[in-house]
Amino acid sequence: MVGAYARLVENHSVPHSTPRTAAFFDLDKTVIAKSSTLTFSKSFYRGGLINRRAVLRTAYAQFVFLVGGADHDQMERMRAYLSSLCRGWDVAQVREIVAETLHDRIDPIIYDEAASLIEEHRAAGRDVVIVSTSGAEVVEPIGELLGADRVVATKMVVGDDGRFTGEVAYYAYGPTKAEAVRDLAASEGYDLERSFAYSDSATDVPMLEAVGNPCAVNPDRALRREAAARGWPVLSFTRPVRLKQRLPSLSMPARPLVVTAVAAVGTAAVTAGLVWYANRRRGPIDA
């Protein structure tokens, strides 16, 4: 990797006797160019999980998300709504749909700059951790695709019948992301002062504050102001590219993925929540 992204991580390699370090990455609009869960809406439609109207609304919600995102209050209202909408969804079916369409849906929207930055951190001996509000059913396979070492994601409670109960087991959002980072540091021996974190959203300021090297990536307006006030680096990622189209030396080798005990809201739930948010702002879109 060359240029500004390389300078952010150079000269930080240290002997193995020193504490370990990590690079924590938000996912949506930081590593990939869109919302990870909304990107699968057409796949969920073909699998019978959502109807045509939901697909149309999801497409609009994707636009709203890309343009303005959702603030704290909107995300909290979203959580209360989404937990009821995904009740009864078969978790195995969701995972199967994601696995079958992962490369078609996600591979083309991975930022080349983010992939290079991940590789640079790995070359420097750091663990790569994806910390995302999106559902575990989506984030875990994306983490494997990216060659991440660990994933923290949102998860719903799953009943004995293998279906979402509608209850939230863990919500990886805002301060809880920072708590997950600190918990991982305690269990894995990470030196957070020498670790890195990347996000596009002001809601992730607690996670960025938890490390010694925070970076804003494609920041929303609130995070851009925060970064300017604190002197945090601001990165602009603009080149989505398929991993297989990158130079061979920059390809992502497969590596085992560890899913942490804390996980977050299910795939269907987050998709539903952003659909709901879009509808609140602009009213229903008829199929």
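**Figure 1. Surroundings of Glu-140 in helix α7 of the predicted model.** Glu-140 belongs to helix α7 and counts as buried, at 12% relative accessibility. Neighbours within four places in sequence aside, the contacts of Glu-140 are Arg-95, Val-151, Leu-257 and Val-259. Val-259 lies 119 residues from Glu-140 along the chain, yet the C-alpha atoms of Glu-140 and Val-259 are separated by 7.2 Å. The helix that holds Glu-140, α7, also gives the most residues to the largest nonpolar core, as shown in the next view.

**Figure 2. The largest nonpolar core and the elements that build it.** This core has 35 residues. Phe-25 and Tyr-198 are the residues with the most contacts inside it. Two or more residues come from each of the strands β1 (22–25), β2 (127–135), β3 (150–158), β5 (196–199) and β6 (213–217), and from each of the helices α5, α6 (112–123) and α7 (136–146). Helix α7 gives the most, with six residues. Another core, of 23 residues, lies apart from this one. Val-129, Leu-192, Ala-210 and Leu-223 are among the residues of that other core.

**Figure 3. Strand β5 and its pairing with β1 and β6.** Strand β5 pairs with β1 in the parallel sense over three bridges. The pairing of β5 with β6 is also parallel and runs over four bridges. On the β1 side, Phe-24 stands opposite Ala-197 of β5. On the β6 side, Cys-215 is the bridge partner of Tyr-198. The side chains of β5 alternate: Phe-196 and Tyr-198 point one way, Ala-197 and Ser-199 the other way. All four of these residues are buried. Tyr-198 is also one of the two residues named for the most contacts inside the largest nonpolar core.

**Figure 4. Helix α5, its start and its bend.** Helix α5 covers residues 91–105 and bends by about 35° at Ala-99. At the start of the helix, a side-chain oxygen of Asp-90 comes to within 3.1 Å of the backbone nitrogen of Ala-92. The buried residues of α5 are Val-91, Val-94, Ile-97, Val-98, Thr-101 and Leu-102. An α-helix has 3.6 residues a turn, so residues three or four places apart point the same way. Steps of this kind can be followed through the buried set, for instance from Val-91 to Val-94 and from Val-98 to Leu-102. Helix α5 is among the elements that give two or more residues to the largest nonpolar core.

**Figure 5. Thr-154 in strand β3 and its contact with Thr-133.** Thr-154 lies in strand β3 and is buried, with a relative accessible area of 0%. The side chain of Thr-154 reaches the backbone oxygen of Thr-133 at 2.7 Å. A polar side chain that is buried thus has a backbone partner in this view. Strand β3 (150–158) gives two or more residues to the largest nonpolar core.

**Figure 6. Two loop residues with positive phi, Lys-29 and Asn-218.** Most residues other than glycine have a negative phi. Lys-29, although not a glycine, has a positive phi of about 65°. Lys-29 lies in the loop between β1 and α2 (41–46) and counts as buried, at 14% relative accessibility. Asn-218 also has a positive phi, near 45°. The loop that holds Asn-218 runs between β6 and α10.

**Figure 7. Arg-224 in helix α10.** Arg-224 has its place in helix α10, residues 221–230. At 45% relative accessibility, Arg-224 counts as partly exposed. Neighbours within four places in sequence aside, Arg-224 is in contact with Pro-219 and Val-234. Arg-224 and Val-234 are 10 residues apart in sequence, and their C-alpha atoms are 7.6 Å apart in space.

**Figure 8. The whole chain, as a setting for the close-up views.** The chain has 11 helices and eight strands. Of its 287 residues, 56% are buried. Among contacts with a separation of 6 or more, 74% join residues 24 or more positions apart. The accessible surface comes to about 12,500 Å², and carbon and sulfur atoms account for 50% of this area.

Definitions and conventions:
Residues numbered from 1 in each chain as written. Predicted model: local features only at pLDDT ≥ 70, side-chain atom pairs only at ≥ 80, totals over all residues. Heavy atoms only, no water. Bend = angle between axes of the 7 residues up to and from the residue. Buried < 20%, exposed > 50% of the residue type's maximum accessible area, 1.4 Å probe, protein only. Polar contact = N/O pair within 3.5 Å; in protein donor to acceptor, adjacent residues only side chain to side chain. Core = buried A, V, L, I, M, F, W, Y, C linked by side-chain atoms within 4.5 Å. Pairing = 2+ DSSP bridges. Contact = heavy atoms within 4.5 Å. Areas by Shrake-Rupley, 256 points an atom, 1.4 Å probe, with all protein chains shown as cover.
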